[in-house]
Amino acid sequence: MISSLNNISSRSKGDFLLSWSVRLLALMAGGLLLLVVSFLIHESWPALRDIGLARFFHDPDWSPIDESYRLTAMIWGTLLATAGAILLSAPLGILSAIFCHFYAPPLLSRGYRRMVELLAGIPSVVFGFWGLVVLVPIIGRWHPPGTSLLAGILILTLMIIPTIMLVAHASIAHVPIAYIHSASALGFSRGSLIWHVVIPTTKVGLFTGILLGLARALGETMAVLMVCGNVVQTPSHLFDPIRTLTANIALEMSYALADHRAALFVSGLLLMGLVVLIVSLAEGLRHRNFHVPAK
Amino acid sequence: MAVSLLATIGVIALCTICSLDASLAQAEGHKLVITGSSTMAPLVAEIGKRFETGHPGVRIDVQTGGSSRGIADVINGVADIGMASRALKSQEQHLHGSVIAQDGITIILHRSNPIRELTDDQIRAIYTGGVTHWNQVGGPDAPITVVNKAEGRSTLELFLDYFQVSNRDIHPHVVIGDNEQGIKTVAGNPHAIGYVSIGTAQYDATHGIPIRLLPLQHIPATIETVREGTFPLSRPLTLVTKSPPAGLIKTFIDFARSSQVNDLILKQYFLPLQG
């Protein structure tokens with residue numbers, strides 16, 4: 001990092017103003033996150049104090065009217081839907097980025113990328129609506145009722161493919177051209193060029209794309225609310241309906257009072273914790289396993 | 001430097017808060033805060049807009065949060081008027097309720113389902129898991145998809161109350177939020193059963209959505225039977241106040257009960273007091 005603080009040659013008033021306003025803005029951006037977290041803690045405090053964290057895992061079920069607040073089924077719902085979506089969308093997104101770069105003719109590649117960019121811009125409620133009126137009835141004909149973990153996974157997959165594909169595309173475009181030339185000069189086939197040169201050098205970028213997709217899938221609310229069935233239960237197979245933590249908040253928040261409301265904030269806090277846990281786990285993995293290529 | 005900057009921000013913030021306070025105080029007496037049932041909020045907001053045009057200087061502030069919040073806010077004095085999409089409970093009799101319209105709940109099936117009527121006991125058995133296939137109640141050989149409402153909704157409360165079941169005994173396959181989501185779910189699943197507001201259901205059924213409204217106790221689920229008060233599963237939309245309405249509050253409630261807002265009530269698929 002370059003610090004201009006001690007640069008005596010430019011002690012102008014403009015520089016001074018800029019440096020302070022930039023600092024203030026940076027402080028605000030960081031402060032916002034702290035504000036959100038402290039708000040979550042503040043709102044969920046009544047539940048943590050009166051109900052206690054343990055009961056969120058040991059109560060018989062989720063039934064706020066009867067003061068029973070078990071969250072585990074919804075945690076599983078969130079985790080399974082997200083994991084399923086990542087398992088499907090990561091290979092699809094990365095492979096389609098590779099296809100665009102190394103196999104598709106330029107015209108097709110450009111058109112395809114524009115389409116994926118459009119896909120990324122579709123609002124989630126539209127995905128949810130499409131899922132509800134098209135995808136769910138199709139699954140329902142096969143295995144009723146149709147609203148299920150599978151429907152959630154498929155919708156989430158569609159939603160995060162663009163993220164993963166576009167980030168992968170951008171990082172493949174940044175592979176130093178010298179690497180590719182050298183590999184070609186050494187007589188690498190296209191397949192082994194991709195497998196032995198491109199993928200190892202872009203590992204970090206591909207991984208970042210997957211992380212972004214993961215975060216979007218974890219936080220997605222409207223689409224999963226519409227297709228997952230929202231029954232509070234730990235699914236035993238793909239066709240069981242599930243309720244995610246986010247859907248639970250969206251379904252019940254506007255009607256919740258007192259402890260019920262605080263319990264919903266606890267599930268929000270839990271979701272936040274889940275995101276932090278996954279991101280820091282992934283960061284740890286990245287630092288341990290991945291060699292960052294020198295620029 | 002940082003200190004003076006912070007101080008400046010602090011002063012600005014303080015000034016903003018003070019001026020906000022002042023403007024709030026100014027508007028007092030000419031502002032009505034109304035909170036409660038999300039079923040009623042869109043309707044009351046429309047009524048409020050029309051009221052404002054007839055009474056310049058008055059502001060009607062409508063917020064949702066469910067019938068229970070409306071009642072709680074009125075008791076706590078946070079709101080001037082509460083909206084409850086149900087009759088007042090026995091422990092709420094110290095409050096004052098004024099009915100402004102009626103709403104009914106209907107059981108809906110997919111239109112391709114040959115079943116034309118179910119008894120209350122059959123519906124109860126379907127929702128509590130005693131009946132799991134349509135052929136047990138005279139329908140096709142297919143598993144029943146039970147569509148239930150999410151907790152806290154007054155539609156769910158009314159349904160549970162009428163059929164005398166606890167939400168814990170219901171084992172749904174799909175839990176929905178609003179009426180439209182319920183109708184879309186049933187319309188997309190030939191073997192589903194659900195319950196939604198009659199106004200919305202009747203509108204959708206007459207506009208090409210493949211659902212059927214089932215009669216209850218042989219009384220057809222229509223806007224007319226709800227208005228006559230003969231349909232068993234119906235509810236009054238009530239404006240609640242802490243003390244007998246007076247002043248601006250009374251003017252507003254009288255306005256909401258008058259025929260001047262009938263068109264607004266019908267537009268939301270509810271039923272006005274007068275035909």
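**Exercise 1. Find the domains of chain B and describe how they meet.**

Chain B is divided into domain 1 (31-102 + 236-272) and domain 2 (103-228). These bounds come from an automatic or database domain assignment. The model is predicted: local features need pLDDT of at least 70, side-chain atom pairs count only at pLDDT 80 or more, and totals for chains, interfaces and linings use all residues. Residues are numbered from 1 along each chain as its sequence is written, while chains are lettered from A and ligands numbered from 1 in the order in which they are written.

Step 1. Take the centres over C-alpha atoms: domain 1 of chain B and domain 2 of chain B lie 28 Å apart.

Step 2. Count the contact: 13 residues come from domain 1 of chain B and 13 residues from domain 2 of chain B. Two residues are in contact if their C-beta atoms, placed from the backbone, lie within 7 Å.

Step 3. Sort the domain 1 side of chain B by class: five nonpolar, seven polar and one charged residues. Ala, Val, Leu, Ile, Met, Phe, Trp, Tyr, Cys and Pro count as nonpolar, Asp, Glu, Lys and Arg as charged, and the others, Gly among them, as polar.

**Exercise 2. Lay out the secondary structure of each chain, then check helix α3 of chain A.**

Step 1. Chain A has 11 helices and two strands. Helices (H or I, at least four residues) and strands (E, at least two) are DSSP runs, numbered from the N terminus. The order along chain A is α-α-β-β-α-α-α-α-α-α-α-α-α.

Step 2. Chain B has 10 helices and 10 strands.

Step 3. Test the length of helix α3 (residues 72-103) of chain A. Its 32 residues should span 46 Å at 1.5 Å a residue, and its end C-alpha atoms are 45 Å apart, which agrees. The expected span is 1.5 Å times one less than the number of residues.

Step 4. Look for a bend. α3(A) bends by about 30° at A:Ser89, and A:Pro91, a proline, follows within four residues. The bend is the angle between axes fitted to the seven residues ending there and the seven starting there.

**Exercise 3. Locate the largest nonpolar core and say which elements build it.**

Step 1. Start with burial. Buried residues are 34% of the 295 residues in chain A and 42% of the 275 residues in chain B. A residue is buried if 20 or more other C-beta atoms lie within 10 Å of its own, exposed if 12 or fewer, and partly exposed in between; C-beta atoms are placed from the backbone.

Step 2. Join the buried residues. The largest nonpolar core has 128 residues, and those with the most contacts inside it include A:Ala151, A:Val227 and B:Ile108. Such a core is a set of buried Ala, Val, Leu, Ile, Met, Phe, Trp, Tyr and Cys residues joined through C-beta atoms within 7 Å.

Step 3. Assign shares. Helix α6 (residues 149-173) of chain A gives the largest share, 16 residues. Domain 1 (31-102 + 236-272) and domain 2 (103-228) of chain B both contribute, so the core lies between them.

Step 4. Zoom in on A:Val227. Beyond four places in sequence, its contacts include A:Gly128, A:Leu132, A:Val136, A:Ala151 and A:Ile155.

**Exercise 4. Describe the side of chain A that touches chain B.**

Step 1. The contact takes 26 residues from chain A and 27 residues from chain B.

Step 2. α5 (124-142), α9 (222-227) and α10 (245-252) of chain A each supply at least two residues of this side. α5(A) gives the most, five residues.

Step 3. By class, the chain A side has 16 nonpolar, seven polar and three charged residues.

Step 4. Examine A:Val136, in helix α5 of chain A. A:Val136 counts as buried, with 28 C-beta neighbours inside 10 Å. Residues that A:Val136 touches, beyond four places in sequence, include A:Gly146, A:Val227 and B:Gly188.

**Exercise 5. Two residues other than glycine have a positive phi: compare A:Asn230 with B:His218.**

Step 1. Recall the background. Most residues other than glycine have a negative phi.

Step 2. A:Asn230 has a phi of about 60°. A:Asn230 sits in the loop between α9 and α10 of chain A. A:Asn230 is buried, with 27 other C-beta atoms within 10 Å.

Step 3. B:His218 has a phi of about 65°. Its loop runs between β8 (211-214) and α8 (223-228) of chain B. B:His218 is exposed, with 7 C-beta neighbours inside 10 Å.
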